[in-house]
Amino acid sequence: MTAVRNIQLKLAVDEEDHDLLDETFEQFRFAAQYVADVGWDDDPIGIVTNQGDLNAATYHEVRDQTDLTANHVQSARSLASDALSNCKERIFDGRRASKPEFRGTAVVYGARTVTYNDDYCTLSTVDGRVKTEYVLPADPAGTVFEDYWFDDDWEPREATLHKRDGDYFLHVAVQKDIDVDASTIKNGAVLGVDCNVDGSLAVTSTGMFLGNADYLNHRRDEFERRRGKLQQTGTRSAHLTIQSIGNRFSRWSEDYLHRVSKEVVREAREHDCSAIAFEKLEGIRERISNGSKFQQWAFRELRRHVEYKAEAYGITVTAVNPAYTSQRCSHGECGFTHRTNRNGDEFVCQKCGRELHADYNAARNVAWRLVQNWLKSGSGRANCQVALKSGTVNASGDFTPASDGQSGSSPTSPRL
Ligand SMILES: [Zn+2]
């Protein structure tokens, strides 16, 4: 698997190159905004996020109106496409989002537009390349530069150029390939995921509430109502309309589940998890009172998307027996299990008195169940633990708080 860290490099840009870089900021901003304007729709279903579609609709126009390289045009499009996806996701989550507005303070650099050397890098601009030296600490010992810049295991990849108070900074993602060997797995944390038919679609043991099951069901009901009406008319054109809105709904719901799954995997990576635990579907089915096939399908698809994405990071996905995950107190040293602990969204342990959101409590128990399974099977994962919001807890209930990342580095991929 691959680990990514972000470091901030100050650049000593020659005075005479400032105008060129500043013009590149402006044209890159123009390009990203152009794509965002084309992709945007006030109806969230109409928001275009597909790279290929956005490319077809904007590439030539942006090339004609700027001096950006083809690679920068592509980077600007990705930036806009990510921003559009985020907006769409927010709206589908029932939150507000307006059309992305780019302010011109960032240019994204990739393999084709930045070259890293020992003391300097070269950056593509609207007119050739500029060469600029790094401003590095005289003594890098104990800094992020020692860990990630001078260590050859970490390879600099994509970067974002920023300008702040007249100075230029390059935010570089450095990455390192990590073997998923036995020791990683042995010490790996488990992210528990609780899936729900109402409220948040998925809740993690780290306290993330993802997706909106009510909204998903609402959209499904709307689709069923329209289909019902059309079926009554029974004409050939009504039949074709049913097919088309059916296709559109299934694309939309796949897209929605894809987004939620992305967040689940991102959460697992941010907490250095080596495994993600879901509940077995059979158990969830018992909880679904009306036995909706759609909800079962949604859970299955969510897990399929998570499995697919997690695999790329060496993270395994396992389903555990869901018995009592909603009734057990997830506080490590307690574990008191009783029906009366749970009341709707609230979980109040009748023994130790601790309170937390019922779905969050269940998610922690799902992770705990997998840890227990590992211990029982004697698979040698001596230090396996449950990933929590504030740290990890091992099988004996010992809690380890999350360590703060070093300043200047963050364990996430760059978010623009
Ligand atoms: Zn308790």
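This report walks through a predicted model, from its zinc site to its sheets, helices and a few individual residues.

**The zinc site**

A good place to begin is the zinc ion. Four cysteine sulfurs hold it: the SG atoms of C329, C334, C349 and C352 coordinate the ion at 2.2 to 2.4 Å. Along the sequence, these donor residues follow the spacing C-x4-C-x14-C-x2-C. What is the arrangement of the four donor atoms around the zinc ion? It is tetrahedral, because the angles they subtend run from 104 to 113 degrees. For orientation, the ideal angle for four tetrahedral donors is 109.5 degrees.

How do the cysteines sit with respect to the surface? C329 is buried, with a relative accessible area of 0%. C349 is buried too, at 2% relative accessibility. C352, by contrast, is partly exposed, because its relative accessible area of 32% falls between the 20% and 50% cut-offs. Another cysteine, C195, counts as buried at 2% relative accessibility. As for disulfides, a search of the whole structure finds zero of them.

**The three-stranded sheet**

An open sheet of three strands has the order 13-14-15, and its pairing is antiparallel. At its edges are strand 13 (342–343) and strand 15 (355–357), each pairing on one side only. Strand 14, which covers residues 346–348, is joined to strand 15 by three bridges. In one of the pairings, F347 has L356 of strand 15 as its bridge partner. Helix 10 (residues 358–377) lies across strand 13, strand 14 and strand 15, and runs at about 90 degrees to strand 15.

**The seven-stranded sheet**

Another open sheet has seven strands in the order 2-6-7-1-5-4-3, again with antiparallel pairing. Its edges are strand 2 (106–109) and strand 3 (114–116); each has a single partner strand, so one side of each is left without a neighbour in the sheet. From one strand to the next, the twist averages 30 degrees.

Following the sheet in from one edge, strand 3 pairs with strand 4 (residues 120–124) in the antiparallel sense over three bridges. Here Y116 stands opposite C121 in strand 4.

Two helices lie across strands of this sheet. Helix 1 (residues 18–39) lies across strand 2, strand 4, strand 5 (129–135), strand 6 and strand 7, at about 90 degrees to strand 2. Helix 3 (residues 70–92) lies across strand 2 and strand 4, and its angle to strand 2 is about 115 degrees.

**Two aspartates with positive phi**

Most residues other than glycine have a negative phi. Against that background, two aspartates are worth a look.

| Residue | Phi | Relative accessibility |
|---|---|---|
| D165 | about 50 degrees, positive | 78%, exposed |
| D272 | about 50 degrees, positive | 59%, exposed |

Where do they sit in the chain? D165 is in the loop between strand 6 (155–164) and strand 7 (167–177). D272 is in the loop between helix 7 (236–270) and strand 11 (273–279).

**A last stop at Q231**

Finally, Q231 belongs to helix 6, which spans residues 213–233. Is Q231 buried or exposed? It counts as exposed, because its relative accessibility is 52%. The C-alpha atoms of Q231 and T241 are separated by 9.8 Å, and these residues are 10 residues apart along the chain.

How values were computed. Residues are numbered from 1 along each chain as its sequence is written. This is a predicted model: local features need pLDDT of at least 70, side-chain atom pairs count only at pLDDT 80 or more; totals for chains, interfaces and linings use all residues. Side-chain values use heavy atoms; hydrogens and water are left out. Donors are N, O and S atoms within 2.8 Å of the metal (3.2 Å for Na, K and Ca); water is not among the atoms, so sites may look incomplete. Four donors count as tetrahedral if all angles lie between 85 and 135 degrees; four count as square planar and six as octahedral if opposite donors are over 155 degrees apart and all others between 65 and 115; anything else is irregular. Buried means under 20% relative accessible area, exposed over 50%, partly exposed in between (1.4 Å probe, protein chains only). Two strands pair if DSSP finds at least two bridges between them. Helices (H or I, at least four residues) and strands (E, at least two) are DSSP runs, numbered from the N terminus. Contact means heavy atoms within 4.5 Å. Axes are lines fitted to C-alpha atoms, for helices over the stretch in contact, and angles run from 0 to 180 degrees between N-to-C directions. A disulfide is a pair of cysteine sulfur atoms within 2.5 Å.
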